[in-house]
Amino acid sequence: MAKSKTIYVCSECGYESAKWYGKCPGCGEWNTMNEEIPTAPSVKGGVGNSSATLKALKLNEISQDAEKRISTGIKEFDRVLGGGIVQGSLVLLSGDPGIGKSTILLQICEYLGRDKHILYVSGEESVSQIKLRANRLGVVTDNLAVLAATDVSSIVETIRSEKPELVIIDSIQTMIFEGCSSSAGSVTQVRECTNIFMHTAKSFNIPIFVVGHVNKDGAIAGPKVLEHIVDTVLYFEGERNYNFRILRGVKNRFGSTNEIGVFEMQQNGLKEIENPSQLMLSGRPKNTSGTCVACVMEGSRPVLAEVQGLVTATVFGTPRRMSTGFDYNRLAMLLAVLEKRAGYYFNNMDAYVNVVGGLRLDEPSADLTVAMALVSSLKDAVINEKVIAFGEIGLAGEIRAVSNCEQRVSEALRLGFERCIIPFHNYKGLSKELKVNLDIVPVRTVRDAYKALTEE
């Protein structure tokens with residue numbers, strides 16, 4: 001009897017090889033090649049094998065009806081989804097263990113269970129454990145059916161017979177398709193199971209939520225093709241030391257990407273925060289140097305955050321540079337620009353930057369805020385708490401224009417700020433109403449910005 005041929009598949013990127021490698025040739029990771037037995041594709045037929053003739057529709061023949069969306073009852077969740085759940089969509093929800101993935105899905109079931117039949121499939125917990133969590137969260141709907149199973153074929157048959165209006169799979173790494181000989185959570189199993197759920201969602205026009213685990217680097221466990229198969233990818237972010245959770249959309253075929261929803265973890269579940277700017281700025285110190293307020297765009301929403309800088313004489317041969325919530329390399333560049341172009345010297349000083357509240361500022365508009373917080377600490381000069389600053393800093397020390405300036409200034413005005421330091425090239429595009437109600441100061445260079453910030 002002929003011996004079955006085996007292949008080696010990388011658990012990180014899905015690279016396949018006929019022989020084992022210690023280091024994956026595809027992604028460069030070590031000890032990720034796992035032995036698997038190749039199986040026939042789960043979907044029968046293929047190019048040239050089907051006898052059915054498919055009819056293509058012309059673009060003007062396709063119905064132009066607006067896509068039907070289902071509200072989850074949580075405004076922040078709907079915002080990230082683009083307005084609600086789209087019928088027949090496959091949504092992947094991922095995040096660190098214990099961050100609240102299963103919690104928020106059960107909270108959605110409480111609202112949708114009023115008039116819709118929901119099927120919750122768990123491969124990790126028993127039905128009694130899910131019942132305990134539901135009691136803690138106050139989920140008492142009668143339209144929620146719970147199934148503890150891992151066999152994909154049986155789950156699909158249950159969906160076919162019960163015809164639920166929403167399906168939740170928790171989690172995809174525990175699902176098993178009998179047509180694959182590999183273990184649960186392997187690259188092949190995750191890919192095949194996700195494909196089956198994708199075809200099920202499209203065939204029955206049922207939205208399906210799939211919970212995904214993450215690896216040690218924070219990326220979704222399994223092959224990268226998993227993110228290509230699904231319609232929407234949502235990440236739950238948050239630090240263990242903070243109660244805040246950020247739901248970020250990184251892929252959405254039915255809405256904009258990079259939208260965020262902000263939540264607070266409480267004893268009875270996740271509570272949505274509709275005004276994250278006000279929460280991020282609560283508890284700001286008064287009459288203290290080294291603090292300034294930034295305004296960044298998270299999708300279509302302007303978010304204000306406090307940036308703190310601390311500059312102190314070093315006791316080491318090489319000054320230390322540390323940042324929390326801001327890119328380290330960007331910090332090093334800003335310090336070099338401040339020294340070369342503006343005359344603020346940090347060569348014998350330790351420099352620390354912290355973004356309050358666990359938020360991460362990846363947008364270039366935060367450059368000016370970080371620079372002003374550092375110079376304020378260096379000079380021990382207090383920046384007025386009613387002043388906000390944003391703008392991108394170039395290597396010549398110039399302040400460059402940023403996008404969505406009017407939305408940022410409007411948010412600052414709404415939260416009670418009195419002066420706004422903005423790039424000079426953004427000033428002309430602002431409405432007259434904002435110019436009348438707020439003291440807007442356009443600046444060209446870093447030095448001009450610091451003078452405007454410290455003026456009374």
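Okay, let's start with two strands: S7, residues 118–122, and S9, residues 166–170, pair in the parallel sense over five bridges. Within that pair, Leu119 stands opposite Val167 in S9. Before I go on, remember that this is a predicted model. And for anyone new to sheets: strands pair through backbone hydrogen bonds, and they can do that either parallel or antiparallel.

Now let's zoom out. What order do the strands of this open sheet follow? There are nine of them, and they go S8-S7-S9-S10-S6-S11-S12-S13-S14, with mixed pairing. At the edges you'll find S8, residues 144–148, and S14, residues 269–272. Each of those has a single partner strand, so one side of each is left without a neighbour in the sheet. On average, neighbouring strands here are turned by 25° against each other, if you ignore direction.

There's a helix to look at here too. H4, residues 152–162, lies across S7, S8 and S9, and its angle to S7 is about 170°.

Okay, on to the empty space. If you roll a probe the size of a water molecule over the atoms, you see where empty space is left.

The largest pocket holds about 330 Å³ of space. Which residues lie nearest its centre? Those are Gly238, Glu239, Gly358, Leu359 and Arg360, out of 15 lining residues. Two strands, S12 (244–252) and S18 (349–355), each supply at least two residues of that lining. S12 gives the largest share, three residues, and we've already met S12 as part of the nine-stranded sheet. By class, the lining of the largest pocket has five nonpolar, six polar and four charged residues.

Next, the second largest pocket, with a volume of about 260 Å³. It has 17 lining residues, and the closest to its centre are Pro97, Gly98, Lys101, Ser102 and Arg133. Helix H2, residues 101–112, gives the most to this lining, with three residues. The class split for the second largest pocket is five nonpolar, six polar and six charged.

Last stop: cavities. How many of 30 Å³ or more does the structure hold? Just one. The largest cavity has a volume of about 50 Å³. Its lining includes Arg69, Leu81, Ile85, Val86, Phe209 and Phe254, and Gly84, Ser89, Thr232 and Asn252 are among the lining residues too. Sorted by class, the lining of the largest cavity comes out as six nonpolar, four polar and one charged.

That's my tour, so go ahead and spin the model around!

Definitions and conventions. Residues are numbered from 1 along each chain as its sequence is written. This is a predicted model: local features need pLDDT of at least 70, side-chain atom pairs count only at pLDDT 80 or more; totals for chains, interfaces and linings use all residues. Side-chain values use heavy atoms; hydrogens and water are left out. On a 1 Å grid over the protein atoms alone, a cavity is a set of points where a 1.4 Å probe fits but cannot get out, and a pocket is an open set with protein on both sides within 12 Å along at least five of seven lines; lining residues have an atom within 4 Å of a point. Grid points are joined across faces, edges and corners, and a volume is the space filled by probe spheres set on the points. Helices (H or I, at least four residues) and strands (E, at least two) are DSSP runs, numbered from the N terminus. Ala, Val, Leu, Ile, Met, Phe, Trp, Tyr, Cys and Pro count as nonpolar, Asp, Glu, Lys and Arg as charged, and the others, Gly among them, as polar. Two strands pair if DSSP finds at least two bridges between them. Axes are lines fitted to C-alpha atoms, for helices over the stretch in contact, and angles run from 0 to 180 degrees between N-to-C directions. Contact means heavy atoms within 4.5 Å.
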